[in-house]
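Student: I would like to go through this structure with you. Could we begin with the contact between the chains?
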Amino acid sequence: MSTIEERVKKIIIEQLGVKEEEVKPEASFENDLGADSLDTVELVMALEEEFETEIPDEEAEKIKTVQAAIDYVTNHAND
Amino acid sequence: MTATMQGQVALVTGASRGIGKAIAEQLAAQGVKVIGTATSESGAAAISAYLGEHGEGRQLDVTSADSVAEVLKAIDENYGQLDILVNNAGITKDNLLMRLKDEDWDAVLDTNLKSVYRLSKAVLRGMMKRRHGRIINIASVVGTTGNPGQTNYCAAKAGLLGFSKALAQEVAGRGITVNSVAPGFIDTDMTKALTEEQKQAIFANIPAARLGQPEEIAAAVVFLASPGAAYITGETIHVNGGLAMV
């Protein structure tokens, strides 16, 4: 089984079309990984599906970095 | 071009009669599975009857988020996808502004404009994931030209055009187009409700010197829904016999 961190990173790589080595914990989706606002919406959608959870809009807006995504899923995921 | 719309799925609101019915029928003729909606159960049954094996009618209140969610869930379960959304449902509650009631303003804005926000938002997730979608909003020539006695309707239809252009820019990169078709005066129950005075004033200004037919609106909608229109977005096609050239 992959860890949550591995699964989150895999989704980020797929959604944003970035290289694995770019996906550092502190990397910002918009500033470092070239995502626009709609990309981050799609990223959250993908996270919701992977982890079978619903991320409220006000929480989704706070998920701006790789670490923030990992933290959110770690604290809220059903599995 | 060999690409067809065969097997695609469309949702057409307000499809029991008039323009919506013509749109549903013409999409069905292209091999599209059509879910047509009506506010009443009898309207939904009438849609099922004319669509036959090409789709079905469903009861939908476009002013209710719950009703919208229910219909979209049913489409997802029974068809698995939605390629085309045609926001056609609309009402009029005409009066001079001086005599217009708050509830008539609210009803027209809610049914004709907020419903489009509601439905478009609800279908976008699926369209974004599949990198394909067509949202087509039925506006009106009066949204551009204005018409006395219709401040509410004109405001809603003008709002629709701005909405379409903004959303078109948001989702163009995801293979989704958002366009409007603005009918002029079409031979439907809605225009039958116009007063004789209104009609005479309008006919005098239509170069084609006749009312349009619902099928003539549907043809523009089918074009915008087709693969050939993939590069057209944020556009408004006016179908009005020359009444307004904008």
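Tutor: Certainly. The count between chain A and chain B is 7 salt bridges. Please keep in mind that this is a predicted model.

Student: Which classes of residue are on the side of chain A that touches chain B?
Tutor: By class, that side has 5 charged residues, 2 nonpolar and no polar ones.

Student: How many residues of each chain are in contact?
Tutor: On chain A, 7 residues are in contact with 7 residues of chain B. The area buried between the two chains is about 680 Å², and carbon and sulfur atoms give 45% of that.

Student: Which three residues supply the most of the area that chain A buries?
Tutor: Those are Leu38(A), Glu42(A) and Met45(A), which supply 68% of the area that chain A buries against chain B.

Student: Let us stay with Glu42(A). Is Glu42(A) buried or exposed?
Tutor: Glu42(A) has a relative accessible area of 5%, so it counts as buried, the cut-off being under 20%. Its place is in helix H2 of chain A, residues 37-50.

Student: What is Glu42(A) in contact with, leaving aside its neighbours within four places in sequence?
Tutor: Its contacts are Gln15(A) in its own chain, and Met128(B), Arg131(B) and Arg174(B) across in chain B. With Arg131(B), the side chains are joined by a polar contact of 2.6 Å.

Student: Which residues are linked with Glu42(A) in a network of salt bridges?
Tutor: The network links Glu42(A) with Asp36(A), Asp39(A), Arg131(B) and Arg174(B). Within this group, Arg174(B) forms a salt bridge with Asp39(A), where the closest N and O atoms are 2.6 Å apart.

Student: And what does Glu49(A) pair with?
Tutor: Glu49(A) forms a salt bridge with Lys129(B), with the closest N and O atoms 3.2 Å apart. This pair crosses between chains, from helix H2 of chain A to helix H4 of chain B, residues 102-130. Glu49(A) is partly exposed, at a relative accessible area of 39%.

Student: Now for salt bridges inside a chain. What is the partner of Glu50(A)?
Tutor: The partner is Arg7(A), and the closest N and O atoms are 2.8 Å apart. The two residues are 43 apart in sequence, with Glu50(A) in helix H2 and Arg7(A) in helix H1, residues 4-16, of chain A.

Student: How accessible are Glu50(A) and Arg7(A)?
Tutor: Glu50(A) is partly exposed at 34% relative accessibility, whereas Arg7(A) is buried at 13%.

Student: How many salt bridges are there over all chains?
Tutor: A search of the whole structure finds 18. One of the pairs in chain B is Lys192(B) with Asp187(B), at 3.6 Å between the closest N and O atoms.

Student: On to the nonpolar side. Which residues of the largest nonpolar core touch the most other members?
Tutor: This core has 29 residues, and those touching the most other members are Ile23(B), Leu27(B), Val34(B), Ile84(B), Val86(B), Ile136(B) and Val181(B). Helix H9 of chain B gives the most to this core, with 7 residues. In soluble globular proteins, nonpolar side chains tend to be buried together.

Student: What is Val34(B) in contact with?
Tutor: Beyond its neighbours within four places in sequence, its contacts include Ala10(B), Val12(B), Leu27(B) and Leu51(B).

Student: Which residues does the second core include?
Tutor: That separate core of 25 residues includes Val62(B), Leu85(B), Leu119(B) and Met128(B). Met128(B) is also one of the contacts of Glu42(A).

Conventions. Residues numbered from 1 in each chain as written. Chains lettered and ligands numbered in written order. Predicted model: local features only at pLDDT ≥ 70, side-chain atom pairs only at ≥ 80, totals over all residues. Heavy atoms only, no water. Contact = heavy atoms within 4.5 Å. Buried area = accessible area lost by both parts, 1.4 Å probe. Salt bridge = Lys/Arg side-chain N within 4 Å of Asp/Glu carboxyl O. Nonpolar A, V, L, I, M, F, W, Y, C, P; charged D, E, K, R; others polar. Helix = DSSP H or I, 4+ residues; strand = E, 2+ residues; numbered from the N terminus. Buried < 20%, exposed > 50% of the residue type's maximum accessible area, 1.4 Å probe, protein only. Polar contact = N/O pair within 3.5 Å; in protein donor to acceptor, adjacent residues only side chain to side chain. Core = buried A, V, L, I, M, F, W, Y, C linked by side-chain atoms within 4.5 Å.
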